[in-house]
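Please open the model in your viewer and keep the sequence beside it. The tour below goes from one selection to the next and says what is there.

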Amino acid sequence: MADTQPYRPRKRGYETIRDMLWSLIPIVVLILGFVYFCGPGDDVTRVDPAGDIRAAANAVPYELYAPNDLPDAWAPTSSVLLRDDDEDKTILGLSIGYVTPDDDYARFVISSQGREETIDTALANANVIDDPDGEPAEMAGLTWVPMSTSAGRALVAEGSGFVVVIAGTAEYSELRELAGSVVTVAPVE
């Protein structure tokens with residue numbers, strides 16, 4: 001015998017777990033689609049620091065050093081000319097940020113400011129823990145002194161009228177690789 005009872009929807013509040021799971025499926029599909037198409041990617045936004053390097057080489061009163069010929073695994077992610085706070089905004093140096101091959105961060109800073117000011121610029125006011133943190137090393141014609149800080153590690157070199165700091169969360173081996181790539185940059189006439 002056939003069911004002769006008319007269809008009556010369930011009363012509100014008497015839904016089953018199965019009903020709730022079926023209603024969640026479209027929402028889960030939308031969220032997964034959004035994450036797949038719009039979620040974070042592995043790509044790092046690269047910048048070309050060549051323009052800032054040329055500008056700094058033409059403007060600073062000292063022999064400019066800058067990283068050169070790093071492998072493609074080193075991704076330059078920021079490049080900034082360091083300027084004085086006075087009215088004429090004199091260029092004091094250069095700062096270039098990198099994502100290293102091990103996905104750590106390294107920053108190259110060269111400036112005509114004093115040692116402490118350049119270290120503060122490179123380390124974003126981190127506290128120096130050990131200075132020096134090991135034996136100095138000779139690379140690229142400069143003597144690099146290792147130091148440890150509350151924000152990571154650093155290598156510091158001083159020259160005639162400038163200070164260079166390479167700092168970041170990268171290991172000393174990567175910081176030394178960056179320091180080894182440093183060359184002098186001649187002003188463009």
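Which residues form a nonpolar patch on the surface, and about how much accessible area do they have together? Select Ile-17, Met-20, Leu-21, Leu-24, Ile-27, Val-28, Ile-31, Leu-32, Phe-34 and Val-35, which form this patch with about 1,000 Å² of accessible area together. Patches are made of residues with over 30% relative accessible area and no salt bridge, with like charges joined within 9 Å and nonpolar side chains (Val, Leu, Ile, Met, Phe, Trp, Tyr) within 5 Å; a salt bridge is a side-chain nitrogen of Lys or Arg within 4 Å of a carboxyl oxygen of Asp or Glu, and accessible areas come from the Shrake-Rupley method with a 1.4 Å probe, only the protein chains shown counting as cover for residues.

Before going on, note that this is a predicted model, in which local features need pLDDT of at least 70 and side-chain atom pairs count only at pLDDT 80 or more, while totals for chains, interfaces and linings use all residues. Residues are numbered from 1 along each chain as its sequence is written, and side-chain values use heavy atoms, with hydrogens and water left out.

Within the patch, centre on Leu-21, which lies in helix 1 (residues 17–38); helices (H or I, at least four residues) and strands (E, at least two) are DSSP runs numbered from the N terminus. Leu-21 counts as exposed at 52% relative accessibility, where exposed means over 50% relative accessible area, buried under 20% and partly exposed in between (1.4 Å probe, protein chains only).

Turn next to the aromatic rings, of which the whole structure holds 4 pairs; rings of Phe, Tyr and Trp (its six-membered ring) pair if their centres lie within 6.5 Å, and planes under 30 degrees apart count as stacked, over 60 as edge-to-face and the rest as tilted. Select Tyr-36 and Phe-37, whose ring centres are 4.8 Å apart with planes at 85°, so this pair is edge-to-face; both residues are exposed. Then select Tyr-65 and Phe-162, whose centres are 5.4 Å apart with planes at 40°, so the pair is tilted. Because Tyr-65 lies in strand 1 (residues 64–67) and Phe-162 in strand 9 (residues 162–168), the pair ties together parts that are 97 residues apart in sequence. Tyr-65 and Phe-162 are both buried, and ring pairs link them with Tyr-62 into a cluster.

Finish in the loops with Asp-131 and Pro-132, joined by a cis peptide bond with omega about 5°; Pro-132 lies between strand 5 (128–130) and strand 6 (137–139).
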